[in-house]
Amino acid sequence: MTSSTAVPADPYQLARDAAAAIAEASGIPSHDLALVLGSGWSGAADLLGETVWQADATTVPGFRPPAVAGHVGTLRSVRVAGSGAHALVLGARTHFYEGAGVDAVVHGVRTAAATGARTMVLTNGCGGIDPSWSPGTPILISDQINHTGATPLTGANFVDMTDLYTPALRQIAREIDPGLDEGVYMQFAGPSYETPAEVQMARILGAHLVGMSTALEAIAAREAGMDLLGISLVTNLAAGISGEALSHEEVLAAGREAGPRISRLLAQTVRRITEEPA
Ligand code: 8IG
């Protein structure tokens, strides 16, 4: 048992290794802000600015190949139009339901923090509980419920979760799109969608959005001391709300349709955030 016992890998060191690899490959020594693009959001990076470096995420330490069609596995460094800030765009997201562990789920966020990014923008596609939110509606995340039973934190690490989604950043997004509603996002473990009874449970517990990502990443971003903005794209009404069954094709179609509006929202918000004096 002595000589064969491997030293456990340190996920924070793996993130620093990934950040060093990104700096080396991109020629950008540090980034200012990072984004994770979820279902329906992959086209949104094109409006942010000029892509100065792009690579398959699997060429960088700790990143896994994408598990789902529609989730693009690339990393990009974008020079933000207007502000000139450096944005790291993570097109690769590892989901909790893949079973690779929570450290794999939050590796992109920890890597972003290690590149120097002070602001994390998390996007996702999700189910909406409010029937007035038709598929294709973007919703600002105001708060979250982590219903996965997991956490990226270990030990007596009592991280404050008040104002997890930075109020000043939400304010900027609402100034850009005054019609933007806000809601509480509840992360389920997946990969099955909820039953109608689970959607009613989520509603009673205070959730407006149900999904399979974001909450664990948000905890890791807060642990790293980053400011955080979360925007969900309602790609379907949650199970039992519309009376129709859920399909992945519907999700992809809603993303395509909402593309121009959410791309503009994201690009203008990122521009404003990176223009703000520190
Ligand atoms: I896209 O309705 C998408 N992701 N849990 N429920 C959950 N995840 C989702 C849903 C949904 N739609």
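Trainee: Which residues surround the ligand?

Mentor: This is a predicted model, to start with. The ligand sits among Gly-125, Cys-126, Gly-127, Tyr-193, Glu-194 and Val-210, along with Gly-211, Met-212, Thr-235, Asn-236, Leu-246 and Val-251.

Trainee: Which side chain has an N or O atom 2.4 Å from a ligand nitrogen?

Mentor: That is Glu-194. The side chain of Asn-236 also puts an N or O atom 2.7 Å from a nitrogen of the ligand. Gly-127 uses its backbone instead: a polar atom there is 3.4 Å from a ligand nitrogen.

Trainee: How much of the ligand does the protein bury?

Mentor: The protein buries 95% of it. The starting figure is the 320 Å² that the ligand exposes when taken alone.

Trainee: Switching to salt bridges. How many are there?

Mentor: The count is 9. One of them pairs Arg-76 with Asp-46, at 3.1 Å from N to O. Arg-76 is in strand 3, residues 74-80, and Asp-46 is in the loop between strand 1 and strand 2, so the bridge ties together parts 30 residues apart in sequence.

Trainee: Is Arg-76 buried or exposed?

Mentor: Buried, at 13% relative accessible area. Asp-46 is exposed, at 51%.

Trainee: What does Arg-93 pair with?

Mentor: Glu-217. Their closest N and O atoms are 2.9 Å apart. The pair links distant parts of the chain, with Arg-93 in the loop between strand 4 and helix 2 and Glu-217 in helix 6, 124 residues apart.

Trainee: And is Glu-217 buried or exposed?

Mentor: Glu-217 is buried, with 2% relative accessibility. Arg-93 counts as buried too, at 8%.

Trainee: What about Arg-272, which side chain does it meet?

Mentor: Arg-272 meets Glu-175 in a salt bridge, 3.0 Å from N to O. Arg-272 belongs to helix 7, residues 248-275, and Glu-175 to helix 4, residues 167-176, so this pair ties together parts 97 residues apart in sequence. Arg-272 is partly exposed at 27%. Glu-175 is partly exposed at 44%.

Trainee: Which residues are joined into one salt-bridge network?

Mentor: Arg-170, Arg-174 and Glu-182. Salt bridges that share partners join them.

Trainee: On to the strands. How many residues of strand 4 are buried?

Mentor: 4 of its 5, so "mostly covered" fits, given that buried means under 20% relative accessible area.

Trainee: Do strand 1 and strand 4 run parallel or antiparallel, and over how many bridges?

Mentor: They run parallel, joined by 4 bridges. As an example, Val-36 has Leu-90 of strand 4 as its bridge partner.

Trainee: How many bridges pair strand 3 with strand 4?

Mentor: There are 5, in the antiparallel sense. Ser-77 stands opposite Leu-88 of strand 4.

Trainee: What do strand 3 and strand 4 form together?

Mentor: A hairpin, with 5 residues between the two strands. Look at Gly-82 in the turn: its phi is positive, about 95°.

Trainee: Where else is there a positive phi, just after a helix?

Mentor: At Gly-116, just after helix 3, with phi about 110°.

Trainee: Stay with helix 3. How many of its residues are buried?

Mentor: Helix 3 spans residues 107-114, and 6 of its 8 residues are buried. The buried ones are His-107, Gly-108, Val-109, Arg-110, Thr-111 and Ala-112.

Trainee: What covers them?

Mentor: Several elements contribute. The cover includes helix 1 (11-26), helix 2 (102-105) and helix 6 (215-223). On the strand side, it includes strand 1 (33-36), strand 4 (86-90) and strand 5 (119-128).

Trainee: Last topic, Ala-21. Where is it found?

Mentor: In helix 1. Ala-21 is partly exposed, with a relative accessible area of 24%.

Trainee: Leaving aside neighbours within four places in sequence, what is Ala-21 in contact with?

Mentor: Val-60 and Pro-61. Ala-21 and Pro-61 are 40 residues apart along the chain, and their C-alpha atoms are separated by 7.5 Å.

Note on methods: Residues are numbered from 1 along each chain as its sequence is written. This is a predicted model: local features need pLDDT of at least 70, side-chain atom pairs count only at pLDDT 80 or more; totals for chains, interfaces and linings use all residues. Side-chain values use heavy atoms; hydrogens and water are left out. Buried means under 20% relative accessible area, exposed over 50%, partly exposed in between (1.4 Å probe, protein chains only). Contact means heavy atoms within 4.5 Å. A salt bridge is a side-chain nitrogen of Lys or Arg within 4 Å of a carboxyl oxygen of Asp or Glu. Two strands pair if DSSP finds at least two bridges between them. A residue is near a molecule or strand if one of its heavy atoms lies within 4 Å of it. A polar contact is a pair of N or O atoms within 3.5 Å; within protein, one must be able to donate a hydrogen and the other to accept it, and residues adjacent in sequence count only if both atoms are side-chain atoms. Accessible areas come from the Shrake-Rupley method with a 1.4 Å probe; for residues, only the protein chains shown count as cover.
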